[in-house]
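Subject: Structure for you to look at

Hello,

Here is the structure I said I would pass on. Please open it alongside this message; my notes follow below.

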Amino acid sequence: MMTTLTQRYVHAAVAGLPETQRDDVAEELNASVADAIDDLVAGGLTREEAERQALNDLGDPAVLS
């Protein structure tokens, strides 16, 4: 199974949350990352570069959660 950087990041970010909150937070975080990627691509980055930049901008997933 292939996982993206975003999938791994979101998994790490929600791992420490109560199980009842994980799905909602993961959905919101995925949407936020997707929006950031779209904005960065519109600014001239490739999708791969944009994904890395968006996740780097969010910082450590453990701290984010």
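How many residues does helix 3 have, and how far does it reach from its first C-alpha to its last? Helix 3 has 12 residues and spans 17 Å between those two atoms, which is close to the 16 Å expected at 1.5 Å a residue. Please keep in mind that this is a predicted model.

Next, the two sides of helix 3. Its buried residues are A50, E51, A54 and L55. Viewed down the axis of helix 3, these buried residues fall within an arc of 125 degrees, so they line one face of the helix. E48, N56 and D57, on the other side of helix 3, are exposed. The cover over the buried residues includes helix 1 (5–14) and helix 2 (19–42). After helix 3 comes G59, which has a positive phi, near 85 degrees.

One of the buried residues deserves a separate note. E51 lies in helix 3, which runs over residues 47–58. What is the nearest side chain of opposite charge to E51, and how far away is it? It is R52, at 6.8 Å, and E51 has no salt bridge although it is buried. A salt bridge here needs a side-chain nitrogen of Lys or Arg within 4 Å of a carboxyl oxygen of Asp or Glu. What the side chain of E51 does have is a polar contact with the side chain of T6, at 2.6 Å. Leaving aside residues up to four places away in sequence, E51 touches T4, L5, T6 and I37.

Now the charged pairs. The structure holds two salt bridges.

- R22 pairs with E19, and their closest N and O atoms are 3.9 Å apart. The two residues are three apart in helix 2, which means that about one helical turn separates them. R22 has a relative accessibility of 28%, so it counts as partly exposed. E19 has 63%, so it counts as exposed.
- R47 pairs with D38, and here the closest N and O atoms are 3.4 Å apart. D38 has a relative accessibility of 40%, so it counts as partly exposed.

When you go through the model, I suggest starting with E51 and its polar contact with T6, then turning to the salt bridge between R47 and D38.

Regards

Technical notes
Residues numbered from 1 in each chain as written. Predicted model: local features only at pLDDT ≥ 70, side-chain atom pairs only at ≥ 80, totals over all residues. Heavy atoms only, no water. Helix = DSSP H or I, 4+ residues; strand = E, 2+ residues; numbered from the N terminus. Buried < 20%, exposed > 50% of the residue type's maximum accessible area, 1.4 Å probe, protein only. Lys, Arg positive; Asp, Glu negative; His and termini not counted. Polar contact = N/O pair within 3.5 Å; in protein donor to acceptor, adjacent residues only side chain to side chain. Contact = heavy atoms within 4.5 Å. Expected span 1.5 Å × (residues − 1). Arc of directions from axis to C-beta.
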